[in-house]
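Here is a set of short exercises to work through with the structure open beside you. Try each task on your own before you read the solution.

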Amino acid sequence: MSMPHAAHEMSAIMLDQADRLFQQFITKDALSAADRGIWPDALWAAVEEAGLPLALVPEEAGGVGLGVGDAALLIRRSAYHTAPVPLAETILANALWAEAGGAPVAGPVTLAPTNARDTLTLAPAADGRRTLAGAAHRVPWGAQAGHALVLARDEAGAARLCLVPGGAAASTALRNLANEPRDTLAFDGVAVPEAMIRPAPDRLAGSLMAQGAALRTQQMAGAMERCLDYALLYANERVQFGRPIAKFQAIQHMLAIAAGHLAAATAAADSLIEAAGTPGFAFAAAIAKSRAGEAAGQMAAICHQVHAAMGFTREHPLHFATRRLWSWRDEFGAEAFWQAQIGRLVCANGGEALWTTITGEAAE
Amino acid sequence: MRAFRFEALRLPPEAAAMRAKVREFLRTERARGGYASHRTSWSTFDPEFSRRAGAAGFIGLTWSPDYGGHGRSNLERFVVNEEMLAAGAPAGAHWIADRQSGPQIAKHGSERAKRLILPRIAAGECYFGIGMSEPDSGSDLAAVRTRADKVEGGWVINGAKIWTSNAHRVHYIIALVRTSPPSADRHAGLSQLIVDMGSPGIEVRPILNLAGAHEFNEVFFKDCFVPDDMLLGEPGAGWNSVTGELAYERSGPDRFMSDIRVLVELIDHVGGEPDERQAVEIGRLVAHFATLRRMSTSIAGLLERGESPVTEAALVKDVGTAFERELPEVARRLVPVEPSPDDQGNLFSEAMAHVTLQAPSFTIRGGTPEILRGMIARGLGLR
């Protein structure tokens, strides 16, 4: 990354601390408990104590003031350790709320809506308050989060951010493949005081989809790295036919291909760091989420194959990473959702414009 | 898995200036009707085009002006190359000389070799072939048997090279030869020699490819003399210099843009309102393309810093050439086409014809995926 040397060092120290925190608190027992729906109190307390949820909130607003690149790496590391908490969502929600002029809040903050089908609306004011309408599906930790940052359209069609306390909306429990809560929240009639409603930053272009896709891309890059680490370790340990299976060319080639998928997903995730805050961000998010999502599926397949039956057990921790990959690739728009957007754009512009789209000149 | 380096890289401002310059040149070239971009690429041999590109200052960018170069960064060279590829420019005559032979000579060559050869490469007048493969040495490059024996004032080569692209029309090849007998260390005793193709003792026999085109050849050496100052580096250092050369050969945009004009023609053929399936599949190809470009750019940055990212280059070539192979296969599922090389101006059909017949070479030239994956596995600590 092109950042000043001092910032680079800060980043290394911060990431190192976060890594140790994740290592200490994300034990196999903690993961299994979270899998059963138990909120990991100790982990979240440590995460909050370290200030991680406020990573992207500027220092003058009471946050940590990390750069986008550092925050992306932090999210990648949290996913590498398969942190069973909505840290990525909370980092983004706090950043957006602060950007909109709001004061950061304690506790986990989730986001809604998380897919292109759900639309939430904000009714005109009555008695100094407004009420929300609509339902949001697949809201991460929707029932457990302290707050939900909701993007809703007001009566004029303008996008507003509303910070809604947890429990205000009726929730229906649902889980993704990793047993992370993905609840349905019914916002009909939920009252929001004017102070908790702010114009959404212009860069959102009226949607949380690109931002959410960027989160999931960083997470997939992190969890893919974990999968490959597990597979490399296992291939070097597991002995068959008198030698470690890592010595067989068939296994070597599978893992070399997996390394290609990780490199591609990481490159895609890196591209979002540079695109942050530019007009090309939504397009970059489409490219990155669809490319990383495709790589995630391939990575999971290869790493399971290398682990064979052992990796198919509850006992081996590989599934904590792969079940997340299988979930995250479909969240905030699966590959086809974003690919269709890219395809429609480049077709509308014509073949000769493809190149300037790729070099990033078309978006500026 | 921290073994591989793909750091983000922002192209410097001078690269943008270079991009504008080369685009203007290519616009002029196309306007003059010099080439049919839907069926030309970096393997299309066109000396006229190369001379004009040299005269305009787009060859030999990275070496010193003392040797006819332009003293520019590797990132500017990267931009020139990707613009040539994007435009489908017929850059095949000078491509190898500019990509690897020239940089090798600039780095390891004698003063006389640099003075004699580099200015002519930069002028777009001097072309190179790669003398690595032999009849019994393909993927197993260290098995080369062509030998060079020390004589007064130089070396005498005996043996044969094969699959030598353009040997019948280039001025030089850089031959990897054995300069001392095989030993326990297979990589020892190899050297690289710059061989003037006009020298006595060289016979070139054509090998037609499956499309009937004459690109590669077999090259026989019988007591072919090469002067001392045409040796690259020290005798016996050939393995190191050849692997360093491969980082340039494998990481560039020519490893994922060989058939990019098929994607351009596909988009135009589908038109402005694709159906859902077309939009999804084209979007997927574009996402792969954009990501590969980023990986390749990152390696260009490492090369610029003087590093030799051999494993990362292998990785880009493996992922990149898989994309090149897949592209026409996806295209034919989206738009029915019976490709023909002379389809009366149906550019998509003609591009598909050209690429379908070229595609098998994409995953062979410059190292097969099977070899590349072995290198990557070594980088992962598996061997």
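**Exercise 1: a small sheet in chain A**

In chain A, strands β4(A) and β8(A) pair in the antiparallel sense over four bridges. Keep in mind that this is a predicted model.

Task: Find which residue of β8(A) stands opposite P140(A), then work out the strand order of the open sheet and which strands stand at its edges.

Solution.
- Step 1. Look across from P140(A), and you will find R182(A) in β8(A) standing opposite.
- Step 2. Now add the third strand: the order in this open sheet is β4-β8-β7 (chain A), and the pairing is antiparallel.
- Step 3. β4 (135-140) and β7 of chain A each have a single partner strand, so they are the edges, and one side of each lacks a neighbour in the sheet.
- Step 4. Ignoring direction, neighbouring strands of this sheet are turned against each other by 30 degrees on average.

**Exercise 2: a residue in a loop**

Task: Locate A173(A) and decide whether A173(A) is buried or exposed.

Solution.
- Step 1. A173(A) lies in the loop between β7 (170-172) and β8 (182-186) of chain A.
- Step 2. Count the other C-beta atoms within 10 Å of A173(A): there are 12. A residue counts as exposed at 12 or fewer, so A173(A) is exposed.
- Step 3. Setting aside neighbours within four places in sequence, A173(A) has contacts with A143(A), P181(A) and D183(A).
- Step 4. Try one distance as well: A173(A) and L185(A) are 12 residues apart in sequence, and their C-alpha atoms are 9.0 Å apart in space.

**Exercise 3: helices that pack in chain A**

Task: Describe how helix α6(A) packs with α7(A), and how α5(A) crosses α6(A).

Solution.
- Step 1. Begin with α6 (residues 209-237) and α7 (residues 249-275) of chain A, whose axes are 9 Å apart and pack at an angle of about 155 degrees.
- Step 2. Angles over 145 degrees count as roughly antiparallel, and therefore α6(A) and α7(A) are roughly antiparallel to each other.
- Step 3. The crossing of α6(A) past α7(A) is left-handed.
- Step 4. Sort the residues of this contact between α6(A) and α7(A), and you get 17 nonpolar, four polar and one charged.
- Step 5. Turn to α5 (residues 87-99) of chain A: its axis and that of α6(A) come within 10 Å and cross at roughly 140 degrees. This time the crossing, of α5(A) past α6(A), is right-handed.
- Step 6. Here A88(A), E89(A) and L92(A) in α5(A) meet Q211(A), L215(A) and Q219(A) in α6(A). These residues divide into three nonpolar, two polar and one charged.

**Exercise 4: a hairpin in chain B**

Task: Say how many bridges join β6(B) to β7(B) and how many residues of β6(B) are buried.

Solution.
- Step 1. Seven bridges join β6(B) to β7 (residues 214-227) of chain B, and the two strands run antiparallel.
- Step 2. One opposite pair is I202(B) and F221(B), the latter in β7(B).
- Step 3. The hairpin has five residues between its strands, and G212(B) takes a positive phi near 85 degrees.
- Step 4. β6 (residues 202-208) of chain B has seven residues, and the count of buried ones is zero, so to speak hardly covered.**Exercise 5: where the chains touch**

Task: Find which element of chain B gives the most residues to the side that touches chain A, and what covers the buried residues of α11(B).

Solution.
- Step 1. The contact takes 43 residues from chain B and 45 residues from chain A.
- Step 2. On the chain B side, the elements that give two or more residues are α7 (260-270), α8 (276-304), α9 (310-334) and α11 (369-379).
- Step 3. α8(B) gives the most, with 16 residues.
- Step 4. The residues on this side of chain B divide into 24 nonpolar, eight polar and 11 charged.
- Step 5. The buried residues of α11(B) include L372(B), M375(B) and I376(B). Their cover includes α7 of chain A together with α9 of chain B.

**Exercise 6: a residue in a helix**

Task: Decide whether Y248(B) is buried or exposed.

Solution.
- Step 1. Y248(B) is in helix α6 (residues 238-251) of chain B.
- Step 2. Y248(B) has 22 other C-beta atoms within 10 Å, and is therefore buried.
- Step 3. Leaving aside neighbours within four places in sequence, Y248(B) is in contact with R99(B), Q100(B), P103(B) and L303(B).

Technical notes: Residues numbered from 1 in each chain as written. Chains lettered and ligands numbered in written order. Predicted model: local features only at pLDDT ≥ 70, side-chain atom pairs only at ≥ 80, totals over all residues. Axes fitted to C-alpha atoms, helices over the stretch in contact; angles between N-to-C directions. Parallel < 35°, antiparallel > 145°, perpendicular 65-115°, else oblique. Left-handed = near helix turned anticlockwise from the far one by under 90°. Nonpolar A, V, L, I, M, F, W, Y, C, P; charged D, E, K, R; others polar. Buried ≥ 20, exposed ≤ 12 C-beta atoms within 10 Å, placed from the backbone. Pairing = 2+ DSSP bridges. Contact = placed C-beta atoms within 7 Å.
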